[in-house]
Each structure stands twice: as C-alpha cells, then as structure tokens.
Amino acid sequence: MNGFFKKAFCIAFALAAALASAACVPSLGELEERYDDDGKQYELAYYLMYNDSNPPNDLKSVEARLNAALKAKLPDTTVKLTAYTIAEYTAKLSGAIAANVKFDICYTSPEVNPYLTNVQREAFLPLDYLLPTYAPETWAAIPENIWTQARVDGKIYASVNEQIFPRTYCYDARNATLITQFLNAAHPGTTTDTVNELGMDAFAFMEEYMAWLKANDRGAGGKISSIDTESALQNWFGYDNLGTGMSTPGVVDIEDGSYTVVNQYASQDYRNLIDTVYRWKSVGYIEEGVSVFDLTPESNWKPGYRRGNILKLSDPHYFTSYVIGTMNAISSTSKNPARAMKFIELLRTDAEIHNILQFGVEDVHYIKDPENPVRIAEQITGSGYNNAQFGWGLGCEFVSYLTPSQPADLWEQVKKINADTPVSPLVGFNFNVAAVKQKIADCKAVVNEFAPAFASAQFKNKDDKLAEFLSRLNAAGANEVVAEKQKQLDAYLAARGIAKA
Amino acid sequence: MSARTKIKDKSLINKLSPAEGILFYGLLCVLMIAVAVPFLTLVASSFSSSSLIRANGARPWIQAFSLDAYKIVFMYPGDMLYSYLVSVVVTAAGSALNILLCAMVGYSTSRSTFRGRNIVTFFFAFTIMFQAGFVPQYILYRNYLNLYNTWAVLILGPVVIVPHIIILRAFYAGVPGELYDAAKVDGASQYRTCFQIATPLIAPGIATVVFYSVLTYWNDPFTAMLYTDDLVPVALYLSRITQYIEFLKYAQQNGFAGLDVAGSEIPEDTLLYAIAIATTAPMLFIFTLFQRFFVRGLASGAVKG
C-alpha cells in the first residue's frame, strides 16, 4: 500500500473512531445498569504486567492453573492472560486502547499506562458503583482520602492497590559488607535500616561514608554518580509536587503548615543540593565516565528490600503522587465489568489467585518452603514464569508469599508503616492541569535540560547556569504554574476546613 | 569505503612519487586506525572481565578473557536462535519487497512519458513531511488490516521507504532516453524495460538501497514491539536484554532466580558491548562477504551511467 493513502486512511479512520466513541457515551444511570453481572459464562481478558525484560515463556500453564483455581472461586469465569513487560506496557496498552481492542482489566499508574491520560481518553470505566457493590473488601481497605486522590472530576476510574504508601529517602550502598564495616566503625549499633535514627543530614552521612571508604582505601570506593534530584527534593526535603511530577515547578513543604506553593528550583534547598554535588565533585566523590558507583540513588526504601544494602535516610512520609502509585482499571470495552471487579477483589482476598500470577505454578515455577506455607523456598530458573517483583501491582501486596530473603513479619512491618505514618493533609488534593497544561510542558523541557546536568555537576559555572535555569523557567511560565497550584490548593483547603499556619 | 577509494585511485597511485606514496598510504593508515580502534575496543571489551573494564576503562585489547557477557546474551539459546531466524526471514523478505516496490515507483516516476508522475511523486514526498502518527497507524494495522501479531506486519511495516524511492528515481532519470526508445521499437513491455533494460544499468543505486533497506529491517525493534506478541527479532530481543540488566542486579541482590553467571558480579559494562557484537556480527559478515559486489556495482555503474 502506498504511503500517502496509508496515511489518508489512517486519518479518516481516526476521525471516524473519534466520532463513534463520542456519539455513544452513555449517561451514568445507563452505565450502572450495564455494569451488573448477567451471570453468564465469561472470559476476562487481563493485560498482566510482567516485571522482567522478556515476556514469560510459560504463560499457558499459569493461565491453566489460574482457571482451574477460579472454577470454585468465581464460577462461570475464565481468564485470558496477556503479559507485557514493564518497559513495553505503556506502548502496548496505548495501542490496544486506541484500537478499541476488547479487554477487561489492565494495570495503570501515574507513569506506566498513564492514569489521567487514559481517563481523558475514556478508556476506563468509572468504578463508583462497582467498587462498593462487587469489591467491598477493597473498598473498605483503602482509606477514604486515597480514594479521593484517585478521583478525576469526582469519579474513581481505577481500583487502588494496597502496598507501601509512604515514601522514605534512601540510597543504595551496593556493598553490604563495606557499609556494615563502616557502620560498625563509625556508628556502632546502627544498621542500614536505622541510619535515619542517627538524626544526621542525609548528605552529611553519605559524605562521611565516602570519606571513610577513601581513607581506608576500600576497593575503588567512595564515589557516587549523581544525586537523584527528584527523590532528594521529595523524599529528603519533603516537597510534595501535587501530582504533576518533580520536573514541574510548584511544590508544598509537607512539614510546613503554611501550605505555600513554591518553585522548588528557586529554593535554598535546591541551591544547597547543587553546592553539595559540586563540593563532592571537587574532592573526587563524583567521577565522570564510570558507570558503577558505591552509592546509587534508589527511589524508595521498603522493609525487607535488598537487606543490608539500602540506607534508610529519612522517616516515611505520604505524598499525593504515590498513594495512587499502582492501580487496576477496568476497560470501557469490557462486556462484563462486574465480573472484572469481582476478579480484582479476588486478587486481594485470595492468596492462591494472587500468588499464581506472582510466582506461577507450584513445583513447576517455584518450590514452597516445606516449613512455612507462605514462604517460597526457590524459584526455578528457566521455568518460564517469574513475576515475583510484581506483587505491588496485584491488588494487595499483603497476601504475597515471602521470598527466601524476606523477613517473616514483612507485611506486618509494611502495614505498620502505612498506619503509623501521619497522612499529609494534601492527600486527596487533585490538581487540574487544564489551565496551565502548555506551561507545564514548557517548564518540564527546561527542567530536563538543566537538572540532570546539575545533579552530576556537569556545568562549569554553576552560579551563572543556575541563574539562567531560573530565568528560563520563569520565561516558560513557572510563576503562573505555581500561582495556579496555590489557587486550587487554597480552594481545596477551604473546602476541607484545613487552616493554614 | 576504503576499498572503493583504492579501486578508483589505482591508476593515480602508480603515478605517485615515493614521497607522495608514503604520505598517501600514511593518510590511509590513519583513517584505517581511526575506524579500526573503536571497533577493536568494542570486540575486545565484550570478551573482557567486567570489573577490569570498570576499573581501567575500555581498551582495544582483551583484559582478562571472560565470556560472562555472552553467557547472558545467550542465556536462552533457543530463544536467541529463533530471534535470529525471525530477523533473517523478515530482513530477506522485507528488503526484497522493499527494493521491488521502490524500484517500480522510482522507475515509473522517472519516466517523462508518464503524465501523472509529478502528482504521484508528490503523494509520496508528502508523507515525509506530514505523518499521521502512531495511533492511526496502529488502528489501521490492527483493526482494518488484521496484521497484529503476524509475520506480515514485520515485513510490510517499513515496506515503502520514500527516500529509497527518491534515490532510485534519480538513478533511473540518468538512464539515456535513447535506450527506452530502442526498447520500445523492439517491442519491450514496460515491465521488461524496467527490469531488463533500466535496472541493470543502475546497479550502484540498487546496491545502495539494498544496503539501507537491510539495515532498516535488521535494526528495527519497534515494529515488533508494537505489533507482535510472539515474534521477536534480534533487535527487540537484545534491547530487552539491556532492560534486563537492571532486573538482574535486583534479582541477584535479593538472592533469588539463581542465575548461572560465573562469580558474583553482573557484567553490566561488558554486556552492552556483547549486545552490540551480537547485533552487528551477522551484518558485518554479510557485508564483508558481499562488499566486492557492491564495489563492482558502484564502479561499473560509474562507467556506464
């Protein structure tokens, strides 16, 4: 087919599809009726996310095992699994959604298979009726303000997965032996999981470790690649970006009760961060052209997570972006949304179903610990299925079997962190980007141009460059974005009756 | 490139004085080293120990011979071989079809006797500047042509490449009009004139397009990533392995998925080199093997055209 006609057809079809979908959006009342389960035999199409580089070789036996288990638990239902890797999930789903492919359940989050974009495309069904009706346990388990965070124009379009909600600043020390030696020498009694209790500045601690490595000549040690700006601004300095991502100006300090929106790149904290990076570079803690370092940025500390390597540097905090970090949505092409909702509820309530999708079939893909029914002893290499690292995306992480290295009370620890961390009053605030959409895109472009270079001390003259960065940001509309965020936040605080300090 | 220069300049070289000869060959040697050293570095590093590469940087010689990187690339030899098979079939069929279609369009739009040639050329050229984007293309392929997850989508996806048409059109335009008249007098059909009279004369043009077209098909992970679930060409397979590095590090530190990698280190530095070799080696082999044909085509074309 020749190129021009190919494209002409494309445009025509796209227009036709857009018109067709605009013409048949039913009202909420109609939708709710259509949502009810007709009780007939139904095959659910589930786009499963697979946390590995290649799709699984043995999805068939997992699907067979899942359907066998479903016979008793969800009668007249079979599941057709399609597994896409994390790296490809967004592209695959964006195609399938554009082409109106019939499916029932998919994963969504602010970044992967982006939630807001898909809601705007009307790809997902509103779940306000389905959740309490067909997934009562899920509905009850997730706190009200987190459901509010998932609302778009008042409606919930995805079921929030229960996992670790707060974020904790951390760095990966990569070498458990060295970091343990350092802690024993410099801070006896402290472990990688309790560094935050020292009350030290995170960067001062990292610097002390790097100096120790250098002084004691441990390997090639004592270097870092760059500081993860986003993670530092959020998890260390405690700036909530109000759902637009850290590369958009406009953040609120969660520990400051004045709820003032500021441009984080113009803050003293950011200036200090850059100064730290440049100081480290001048003493040789940051080195160019080397790809592996003794300290690597890690987005989030979790209990039982790479035990021995991860330095927990801060206390946990709730941030608006991350409470809805992983969700399951029901496609607007679903022919039986109620059944899909029942399946999502099963992922939470039924450990067997959940763990089939996570670890595969017992004795085929993994071997269970004979002494502990909720721990696996070994995952069989090359068996063709291993989705162990996707527990956080399957409804509720707390029913996952434990891997050999995880502590027995792992889920109790996570639940405790979720419960004990004070929830920021900002959780529940949805920023509507409509008024400043273009300005946000312009600001992001400027931030992406400058911030990575600052994070690894690439610019020769940092002061001039920082001034240029800020003036370019202002030209791109940073102040307008900040003002718009402040305006909407003030309205939210007033409606909630939250007083400013 | 160097081979071509050599043939063209053969007569010239014979006339050079010894001093000029030394200068000339010296220059060629410098060029050759400039090309060879990075490539040798790539090959040598892929066979080196990852920790030494990290400590000393990449060097054009092997540092502590190690196959760790290749062990990961060929961790599932069956999958890898199947990927090569997919790539070979798609590249062979796709390039052949690509040349055939581009040559036919190039030939017809080059003929001044074809009245609609400007309009047809415009239709093609238009698509270089204005593209509908991914979504309409996806809808067309998946919903209307039912190409999803088929071999056909891998072959037909990049089948018409407008720059190839433009290159061939320029070559066909250089064929003397008298030849076409003679062919017409002898009663040759348009197909025969195209394939038996004009095309052999533009062998260098065809060779160039074959070269680009084979590279386009071989190095295209996106068509397969978007439009297939089960067919994985080498380009996609290896791009997935690079994503796998992160996962491997994670897996190892968590002590699961007992990976059969010698030592405790994941060769993440050398792995990238090994992947580059695994992708380019077959192409390198093919082009070395066929290089003399390209050179001959280019040279003969230069004389006749």
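pLDDT is the predictor's confidence in each residue, on a scale from 0 to 100. That scale is a helpful place to start, as the complex described here is a predicted model. In chain B, pLDDT stays under 50 over residues 1–7, a stretch for which the model has nine contacts beyond four places in sequence. The other end of the chain tells a similar story: over residues 301–305 of chain B pLDDT again stays under 50, with six contacts beyond four places in sequence. Where pLDDT is low, the predicted coordinates should not be read in detail. Averaged over chain B, pLDDT is 82, and 83% of the residues score at least 70. Among the elements of this chain, helix 1 (residues 2–8) has the lowest mean pLDDT, at 47, while helix 9 (residues 151–156) has the highest, at 94. For the complex, the predictor gives an ipTM of 0.72 and a pTM of 0.79.

The two chains can now be taken in turn. Chain A holds 19 helices and 15 strands, whereas chain B has 16 helices and zero strands. Of the 501 residues in chain A, 45% are buried; for the 305 residues of chain B, the share is 32%. Contacts with a separation of 6 or more were also examined by their distance along the sequence. In chain A, 78% of these contacts join residues 24 or more positions apart, and in chain B the corresponding figure is 72%.

Next comes the nonpolar interior. The largest nonpolar core comprises 161 residues, of which Ile105(A), Ala158(A), Val277(A), Met341(A) and Phe343(A) touch the most other members. Strand 1 of chain A (residues 42–50) gives this core its largest share, eight residues. Apart from this core lies another, of 17 residues, including Cys102(B), Ala103(B), Tyr107(B) and Ala198(B). In soluble globular proteins, nonpolar side chains tend to be buried together. For a closer look at one member of the largest core, Ala158(A) touches Thr108(A), Tyr115(A), Phe124(A), Ala150(A), Met327(A), Asn328(A) and Ala329(A), leaving out residues up to four places away in sequence.

Ala198(B), one of the residues in the 17-residue core, is also a contact of Thr193(B). Thr193(B) lies in helix 12 of chain B (residues 190–201). Thr193(B) counts as buried because 20 other C-beta atoms lie within 10 Å, and 20 or more is the cut-off for that class. Beyond its neighbours within four places in sequence, Thr193(B) is also in contact with Tyr180(B), Ala183(B) and Ala188(B). From C-alpha to C-alpha, Thr193(B) and Ser110(B) are 13 Å apart in space, with their positions 83 residues apart in sequence.

Two loop residues of chain A deserve a word for their backbone angles. Glu122(A) has a phi near 60°, a positive value in a residue other than glycine. Glu122(A) sits in the loop between helix 5 (115–120) and helix 6 (130–134) of chain A. With 14 other C-beta atoms within 10 Å, Glu122(A) is partly exposed. Tyr259(A), too, is a residue other than glycine with a positive phi, here near 50°. The loop that holds Tyr259(A) runs between strand 9 (251–253) and strand 10 (261–262) of chain A. Tyr259(A) is buried, since 21 C-beta neighbours lie inside 10 Å.

Technical notes. Residues numbered from 1 in each chain as written. Chains lettered and ligands numbered in written order. Predicted model: local features only at pLDDT ≥ 70, side-chain atom pairs only at ≥ 80, totals over all residues. Helix = DSSP H or I, 4+ residues; strand = E, 2+ residues; numbered from the N terminus. Buried ≥ 20, exposed ≤ 12 C-beta atoms within 10 Å, placed from the backbone. Contact = placed C-beta atoms within 7 Å. Core = buried A, V, L, I, M, F, W, Y, C linked by C-beta atoms within 7 Å.
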